[in-house]
Amino acid sequence: MYFTGIIIAIVTFLTIGIWHPIVIKTEYHWGTRPWVLYLLIGVSCCVMALFIENIYLSSFLGVFGASALWGIGELFAQKKRVEKGWFPMNPKREHEYGSNTLRH
């Protein structure tokens, strides 16, 4: 039996699962400003994946990089979710949200 596909699927699932709370915590503490960091991480990981022969490490870096790039859009979507009142707002950054933001 060959477990390569299953292992890559599990790593992909876990990587995406890890990025979800990272995006939420990032937006809560620093807003959308770290999107540039997400871009650098994403591009770096994807480029490194092109040059690594090991299928597992290359796959992980590709998935991690793609998740970081996807996280850029999710940071901005998370801000909108906070403005709608779906997630808690950081009171220290209240001034960064629109005036029609629902307050908790």
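**Nonpolar core and principal pocket of the predicted model**

In the predicted model, the largest nonpolar core is formed by 6 residues, namely Trp19, Val23, Tyr38, Ala68, Ile72 and Leu75. Helix 1 and helix 3 each contribute at least two residues to this core, and the greatest contribution, 3 residues, is that of helix 3. In soluble globular proteins, nonpolar side chains tend to be buried together. Within the core, Tyr38 was examined further. When neighbours within four places in sequence are set aside, Tyr38 is in contact with Trp19, Ile22, Val23 and Thr26, and also with Ala68, Leu69, Gly71, Ile72 and Leu75. Among these contacts of Tyr38, Trp19, Val23, Ala68, Ile72 and Leu75 are themselves members of the core.

Confidence in the prediction was assessed by pLDDT. The mean for the protein is 92, and 94% of its residues reach 70 or more. Among the elements of the protein, helix 2 (residues 35–50) has the highest mean pLDDT, 98, whereas the lowest, 95, belongs to helix 1.

The largest pocket has a volume of about 180 Å³. Its lining consists of Ile16, Trp19, His20, Val23, Ile24, Ala66, Ser67, Trp70, Gly71, Glu74, Gln78 and Arg81. At least two lining residues are supplied by each of helix 1 (4–30) and helix 3 (55–83), with helix 3 providing the largest share, 7 residues. Classified by residue type, the lining comprises 6 nonpolar, 4 polar and 2 charged residues. Trp19 and Val23 belong to the lining of this pocket and are also listed in the largest nonpolar core. Gly71, another lining residue, is a contact of Tyr38.

One of the lining residues, Gln78, lies in helix 3. Gln78 counts as buried because its relative accessibility is 1%, the threshold for burial being under 20%. Leaving aside neighbours within four places in sequence, the contacts of Gln78 are Val23, Ile24, Glu27 and Phe87. Of these contacts, Val23 and Ile24 also line the largest pocket.

A further buried residue is found beyond the helices described above. Arg93 is placed in the segment after helix 3. With a relative accessibility of 5%, Arg93 is therefore classed as buried. Residues up to four places away in sequence not being counted, Arg93 touches Glu27, Tyr28, His29, Trp30 and Gly31. Glu27 thus appears among the contacts of Arg93 as well as among those of Gln78.

Definitions and conventions. Residues numbered from 1 in each chain as written. Predicted model: local features only at pLDDT ≥ 70, side-chain atom pairs only at ≥ 80, totals over all residues. Heavy atoms only, no water. 1 Å grid on protein atoms, 1.4 Å probe; cavity = no way out; pocket = protein on both sides within 12 Å on 5 of 7 lines; lining within 4 Å. Points joined across faces, edges and corners; volume = space filled by probe spheres on them. Helix = DSSP H or I, 4+ residues; strand = E, 2+ residues; numbered from the N terminus. Nonpolar A, V, L, I, M, F, W, Y, C, P; charged D, E, K, R; others polar. Core = buried A, V, L, I, M, F, W, Y, C linked by side-chain atoms within 4.5 Å. Buried < 20%, exposed > 50% of the residue type's maximum accessible area, 1.4 Å probe, protein only. Contact = heavy atoms within 4.5 Å. pLDDT = per-residue confidence, 0-100.
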